[in-house]
Amino acid sequence: MKKKARSKPTGPAKTTGAKSGNTPTLPTKVSNASFEKIELDDVTMADAKVRDTSFEGASFEDVSFSKATIHNASFEDTRLDDASFARASVKNVSFESATFDDVTFAKAKIHNASFEGSSLDDVSLAGVTITNCAIEGLTIDGVRIDLLLQHKRSGAPRDGDT
C-alpha cells in the first residue's frame, strides 16, 4: 500500500458536541485535532465524524467508535481495550504498532489503512470489509497474518496435506 501523507494537526481542535448520560460523549465532529497520549476510559464517539486527527500514543478503555466516520487519522502506538469500531467507516487511518484487546470491527468498512506491527487479540472481524490495507507484521490472536497470507499465496501445502 502506498502511504498517503496524513496532515498533522496545526491548530486548536475544532469540535462540536455535548455530553450526555453517565457515559461521557466526546464531540460528534472533530477535525484537525490532536489527542496524543490522552487516556480515555468509558467514553463514546459513536456516530462521530473524525478527520485529520491524531490519537498517537493514546490509551482507550471501554470506548465506542461505533458507526463513526474516521478519515485521515492516526492511532499509531495506541492501546485500545474493550473498544468498538462496529459499522464504522475508516479510511486513510494508521493503526501502526497499535495494541487491540477485546475489540470489534463487526461490519466496519476499512480502506487504505495501515495495521503494520499491530497486535489484535480477542477481536471480532465479523462482516468487516478490508481493502487496500498494509498488514506487514500484523498479528491476530498471536498469528502473523502477513506470513499466513504469503504462505497461502505460495501454494505450499499445509501441515497434514500431502
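The exercises below work through a predicted model.

**Exercise 1.** State which residues gather in the patch of negative charge on the surface, and which elements give two or more residues to the patch.

Solution. Step 1: the patch gathers Asp41, Asp42, Glu61, Asp62, Asp82, Asp101, Asp102, Asp122 and Asp141. Step 2: strand S3 (39-44), strand S5 (59-64) and strand S9 (99-104) are the elements that each give two or more residues. Step 3: one of the patch residues, glutamate 61, has its place in strand S5. Glutamate 61 has a relative accessible area of 35%, and patch residues must have over 30%.

**Exercise 2.** Decide whether threonine 139 is buried or exposed, and list its contacts beyond four places in sequence.

Solution. Step 1: threonine 139 belongs to strand S13 (residues 139-140). Step 2: buried means under 20% relative accessible area; threonine 139 has 18%, so it counts as buried. Step 3: with neighbours within four places in sequence left aside, threonine 139 touches Ser118, Ser119, Leu120 and Arg144. Step 4: glutamate 116, 23 residues away in sequence, has its C-alpha 9.1 Å from that of threonine 139.

**Exercise 3.** For asparagine 92 and lysine 107, give phi, then place and accessibility.

Solution. Step 1: asparagine 92 is not a glycine, yet its phi is positive, near 55 degrees. Asparagine 92 sits in strand S8 (residues 89-94) and is buried because its relative accessibility is 12%. Step 2: lysine 107, also not a glycine, has a positive phi of about 60 degrees. Lysine 107 lies in the loop between S9 and strand S10 (109-111). With a relative accessible area of 48%, lysine 107 is partly exposed.

Technical notes:
Residues are numbered from 1 along each chain as its sequence is written. This is a predicted model: local features need pLDDT of at least 70, side-chain atom pairs count only at pLDDT 80 or more; totals for chains, interfaces and linings use all residues. Side-chain values use heavy atoms; hydrogens and water are left out. Patches are made of residues with over 30% relative accessible area and no salt bridge: like charges are joined within 9 Å, nonpolar side chains (Val, Leu, Ile, Met, Phe, Trp, Tyr) within 5 Å. Accessible areas come from the Shrake-Rupley method with a 1.4 Å probe; for residues, only the protein chains shown count as cover. A salt bridge is a side-chain nitrogen of Lys or Arg within 4 Å of a carboxyl oxygen of Asp or Glu. Lys and Arg count as positive and Asp and Glu as negative; His and the chain ends are not counted. The place of a charge is taken as NZ of Lys, CZ of Arg, CG of Asp or CD of Glu. Helices (H or I, at least four residues) and strands (E, at least two) are DSSP runs, numbered from the N terminus. Buried means under 20% relative accessible area, exposed over 50%, partly exposed in between (1.4 Å probe, protein chains only). Contact means heavy atoms within 4.5 Å.
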